[in-house]
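Student: I've got a model open on my screen and would like to talk it through. Can you take my questions one by one?

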Amino acid sequence: MCRAEPAKAKIIKDCLDKYYSWLGQALNADKSNILFSKSTPRFDRRLIKDTLGFKDMGSKAIYLGNSLVLGRKKSKEFFRLKEKVNCKLEGWNKHLLSKAEKATLIKSVVQAIPSYTMTTHLLPTALKAWKDICKPKDLGGLGFRRFKDMNLSLLAKIGWKLANGEDCLWTQTFRVKYLQNSTFFGYKEKKGAPSVWQGLTKVRKILRKGSCYHLGDGSSIDIWQDPWLPNLPNKTPTAMEFLDTINRRRVFELWDETRTCWNESLIRQICDTESA
């Protein structure tokens with residue numbers, strides 16, 4: 001991942017050539033593709049493709065069964081996933097299988113098909129409706145896991161890595177792009193964000209219920225947005241009415257360095273009585 005500039009492409013090409021000279025493993029350009037953003041000029045696209053020798057994936061790019069570029073109609077984008085599940089079910093209907101055998105196949109095969117997609121995208125509601133068959137067996141259902149619950153839990157697992165400060169390439173990328181001036185829990189949703197990021201912001205409520213920050217120096221914890229006070233209902237204090245919370249944003253600002261204790265007078269000034 002880099003800026004769509006011919007000079008950057010030249011650097012990548014030099015790195016790949018060095019890799020080949022050191023290990024003798026050549027990159028297969030016919031199996032390599034490149035994805036450009038909409039704002040990349042056509043002239044730059046042509047130069048970059050000529051430099052690297054890669055093909056342009058285009059707006060209909062698919063990777064591991066997922067569309068890399070999603071349109072506004074998400075239900076249409078995920079129709080391929082729905083069709084894949086339907087094909088499996090129709091194939092089994094043609095065989096003389098008992099209900100118990102079909103139920104076993106659905107649990108072991110069908111429910112695993114959308115797992116990768118649900119890890120990175122929040123699926124439309126229309127793709128999650130299992131209703132009665134997802135009830136426990138003692139309540140008359142078949143004990144299937146609801147796609148909605150699976151989807152939220154898989155996204156929450158990824159979201160936790162961001163909230164927990166895990167350091168890897170994708171978390172670094174997301175922090176630079178979305179969280180430069182905000183924390184994960186304090187980020188305000190904006191229109192036009194990618195589907196992956198929208199899904200991660202939707203599971204913050206789930207993560208908040210079972211998480212609470214352990215205070216260090218308090219420099220990275222948002223006073224009003226991050227869960228850091230386990231004894232309060234929302235795990236965050238409530239600001240005094242008409243208070244401009246922008247002036248006080250991080251927990252370390254509530255600490256009195258001189259007396260090495262909480263600045264009680266400041267806390268009572270900016271927080272309501274219950275929170276203080």
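Student: Where is Ser32 found?

Tutor: First, a word on the model: it is predicted, so local features need pLDDT of at least 70 and side-chain atom pairs count only at pLDDT 80 or more, while totals for chains, interfaces and linings use all residues. Residues are numbered from 1 along each chain as its sequence is written, and side-chain values use heavy atoms, with hydrogens and water left out. Helices (H or I, at least four residues) and strands (E, at least two) are DSSP runs numbered from the N terminus. On that numbering, Ser32 is found in the loop between α1 and β1.

Student: Is Ser32 buried or exposed?

Tutor: Buried means under 20% relative accessible area, exposed over 50%, and partly exposed in between (1.4 Å probe, protein chains only). Ser32 has 10% relative accessibility, so Ser32 counts as buried.

Student: Which residues is Ser32 in contact with, leaving aside its neighbours within four places in sequence?

Tutor: Contact means heavy atoms within 4.5 Å. With those neighbours set aside, the partners of Ser32 are Leu27, Phe54 and Lys55.

Student: What about Leu27: which nonpolar patch on the surface is it in?

Tutor: Leu27 is in the loop between α1 (6-23) and β1 (33-34), and at 49% relative accessibility it counts as partly exposed. Patches are made of residues with over 30% relative accessible area and no salt bridge (a side-chain nitrogen of Lys or Arg within 4 Å of a carboxyl oxygen of Asp or Glu); like charges are joined within 9 Å, and nonpolar side chains (Val, Leu, Ile, Met, Phe, Trp, Tyr) within 5 Å. With about 220 Å² of accessible area together (Shrake-Rupley method, 1.4 Å probe; for residues, only the protein chains shown count as cover), the patch is formed by Ile12, Leu16 and Leu27.

Student: Which element gives the largest share of the largest nonpolar core?

Tutor: A nonpolar core is a set of buried Ala, Val, Leu, Ile, Met, Phe, Trp, Tyr and Cys residues joined through side-chain atoms within 4.5 Å. Of the 16 residues in the largest one, Leu162, Leu179, Phe184 and Trp197 touch the most other members. The elements giving two or more residues to this core are α7 (147-163), α8 (169-178) and α9 (195-202). The largest share, five residues, comes from α7.

Student: Which residues does Trp197 touch, not counting those up to four places away in sequence?

Tutor: Trp197 is one of the members of that core that touch the most others. With the sequence neighbours left out, its list is Leu162, Phe174, Tyr178, Leu179, Phe184 and Tyr187.

Student: Within what arc do the buried residues of α8 fall?

Tutor: The buried residues of α8 are Thr171, Phe174 and Tyr178. Seen down the helix axis, they line one face of α8, because their arc (taken from the directions from the axis to the C-beta atoms) is within 65°.

Student: And which exposed residues does the face of α8 turned away from its buried side carry?

Tutor: On the buried side, what covers the residues of α8 includes α7 and α9. The face turned away carries Leu169, Val176 and Lys177.

Student: Is Arg250 buried or exposed?

Tutor: Arg250 is found in the loop between α10 (204-209) and β5 (255-256). Not counting residues up to four places away in sequence, Arg250 touches several residues, including Thr183, Gly218 and Asp222. With a relative accessible area of 19%, Arg250 is buried.
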